[in-house]
Amino acid sequence: MAVKDNRNLIDPADTTTGWFASSSPSQDTEVFYEGTASIGEQMSKTKRAVLYDTGGTGLENSNYYFLVNCGIVGQLETKAAGGFGVRFSSESTAGDADLNFFEVYVGGSDSWPIAFAGGWVIFVVDINKASESPDATNGTVPAPTAVRSLGITGDTVNNTRNTDNTWIDAIFQLPYNTPGFIIEGTNAGGDYNFEDIISFAEASNNQGAGAFRRGPGGSYVSSVPLQFGNTTTGHQHKFSDTNITLLWDSQEFSNTEIYKFTVEGVSGSNTYVTAGILSGSGDDRVGTQGWVVQAESTANRWSFQANNINANTGLYGCSFTHGDLYSFQTSNTYNISNFYIDSSRIIQSTTVGESDFLKNTIIQPNTAINVAALESIDLTKIKFSNFNFNTTRGGHAIQVGPSNPTTMTLTEDVFTGYSGTTGNPNTALYFANTTGGVTVSLATGTSEPSYRTAGISVTFAASVTGTISNLLEKTEVRVYDLGDEDPNIPGCYAEIAGIENADVGDVGDNFSGSLANQSGPDSNGRYTITFTVGLNKNLRIKFINSDFVDNNYWIADNVEISSGTDNFSIQAAQRVDRVFANPS
């Protein structure tokens, strides 16, 4: 398994078989990039076309890649005047290149892509998009379902020399919603990276020519959607890189599905994709040295799909610009210290407890009035993040729901520029549920945000501090929220705070809640811990001490209390296990 090109090769242009033109097409064994030859054509003042007959229909709902070299770009007509185009026809025989077609103009003397190798460029055209708004038509204009031939056209300002001056070297097809390049497996047990994709695309006689290439300033340029991993069981897929810039190719007539990352996995396999470096633990995690990814303009927005429960994706210290949809609703996706600039939609969760969203910044999101930049059903995992309002567009920062738990916590998220008026279509939060109620606990240092609802009642409650004193050494303390029961496991409640050993503050291997702060011992050799929870929570506090302490074993015990006031306190009254001490 390795990097592979998943596009369909329509034809490598190594022979003239299947090709027809305004004049007879010619084979050129000297000017080519891939394969062994190309098809040459003499573009002149009278428009010329050179097309390939696929032999049938079924070409709709696809992007097409045309590998082209033009030696007379400066002599072409302008783009608007039809200097260079891509044509789709229902015809199939020599002499019919100019009959029954539609085409779009992709270049000219005033508009030509930067070559990636010796004058070679890639044009990517969506057949449906070209059909909907063609620049030129003739005869009976075919629907995409009736097209069987496709190729290029050219028109010069003046007559040119009687020799081939333009070459087409291959045509590829990529159906909608299909990955272009797939990165599978491991690199000799290690991780693949973007240089491995370049090595594949630049390999001698490789038909991936130009689809993934080097760009300005050490960047990479991709005109294909990239998929990491696959759905075949029994394999491991690993990809990681740091400090790279990826630019999505500017292709005016492409479908936006060509601008996309997908992380794929299946039960029985493992997929790991890591962008950047993660340091620290818990809420102190920080991401650095991630990827810079952007499209040139808002006309070519791109997507990132990392919502497969069998795949693991870490995005650490990245910068993403002009994005469309980021789909991250799985607990195996980690968003930490990233920038989202002029991006449309982030889906963080569709069930409770999904992707981490920590220390991210959303700048000028591409939202409209009543539309949110980030969608979630629970605010609890969205922490220490900044949301900056787009005054030219409007919208909310976060949509909660339409389903949601009855309690959640907001932790130091900052909302800048959003309307402070409850019910306004541009408030920080929008609760999309129509019935019921929710209590949002505001963690220490968190301001109450503005909000709008679809009918749900919302209560904001500040967090409070609890203190447990008089603890023996080596006592484990667990704090559970009795209002957050696992629907699949009756009697199993969410652990929201605790400590493994009261005397050393050890988190321990099995710890899942927020670490309590420890102090002591006091003059009696006892310890105190403090922890922060939401206001008005019903709590169960469990004391466990399985060690022999003060010449005794101690009973595991529960205390239930409500966090109804700030600085509430409990004095532990741990009891000797007399049955254990006197088993007879």
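Q: In which sense do β24 and strand β27 (residues 319-321) pair, and over how many bridges?
A: In this predicted model, β24 and β27 are paired in the parallel sense, with three bridges between them. Within that pairing, V293 stands opposite F320 of β27.

Q: What does strand β19 (residues 245-248) do with β24, and which residue stands opposite V293 there?
A: Strand β19 also pairs with β24 in the parallel sense, here over four bridges, and L246 is the residue opposite V293.

Q: How should I read the side chains along strand β24 (residues 292-295), and which of them are buried?
A: The general idea is that side chains in a regular strand alternate between the two faces of the sheet. In β24, V293 and A295 point to one face and are buried, whereas V292 and Q294 point to the other face and are not buried.

Q: Which way do the side chains of β10 point, and are they buried or exposed?
A: The same general rule is the place to begin: side chains of a regular strand alternate between the faces of the sheet. From β10, W120, I122, V124 and D126 point one way, while V121, F123 and V125 point the other way, and all of these residues are buried. Because seven of the seven residues of β10 (residues 120-126) are buried, taking buried to mean under 20% relative accessible area, this strand is largely enclosed by the rest of the structure.

Q: How many bridges join strand β7 (residues 62-70) to β10, and do the two run parallel or antiparallel?
A: Strands β7 and β10 run antiparallel and are joined by seven bridges; for N69, the bridge partner in β10 is W120.

Q: Why can helix α2 (residues 194-201) be called largely enclosed?
A: Six of the eight residues of α2 are buried, so the helix is largely enclosed by the rest of the structure. The buried residues are F194, D196, I197, I198, F200 and A201. At the start of α2, a side-chain oxygen of N193 comes to within 3.0 Å of the backbone nitrogen of E195.

Q: What is the volume of the second largest pocket, and which residues are closest to its centre?
A: In general, rolling a probe the size of a water molecule over the atoms shows where empty space is left. Here the second largest pocket has a volume of about 660 Å³, and of the 28 residues that line it, P113, I114, R213, D249 and S250 are the closest to its centre.

Q: Which strands supply the lining of the second largest pocket, and of what classes are its residues?
A: β10, β15 (212-214), β19 and β24 each supply at least two residues of that lining, with β10 giving the most, namely four residues. By class, the lining has 16 nonpolar, six polar and six charged residues.

Terms used: Residues are numbered from 1 along each chain as its sequence is written. This is a predicted model: local features need pLDDT of at least 70, side-chain atom pairs count only at pLDDT 80 or more; totals for chains, interfaces and linings use all residues. Side-chain values use heavy atoms; hydrogens and water are left out. Buried means under 20% relative accessible area, exposed over 50%, partly exposed in between (1.4 Å probe, protein chains only). Two strands pair if DSSP finds at least two bridges between them. A polar contact is a pair of N or O atoms within 3.5 Å; within protein, one must be able to donate a hydrogen and the other to accept it, and residues adjacent in sequence count only if both atoms are side-chain atoms. On a 1 Å grid over the protein atoms alone, a cavity is a set of points where a 1.4 Å probe fits but cannot get out, and a pocket is an open set with protein on both sides within 12 Å along at least five of seven lines; lining residues have an atom within 4 Å of a point. Grid points are joined across faces, edges and corners, and a volume is the space filled by probe spheres set on the points. Ala, Val, Leu, Ile, Met, Phe, Trp, Tyr, Cys and Pro count as nonpolar, Asp, Glu, Lys and Arg as charged, and the others, Gly among them, as polar.
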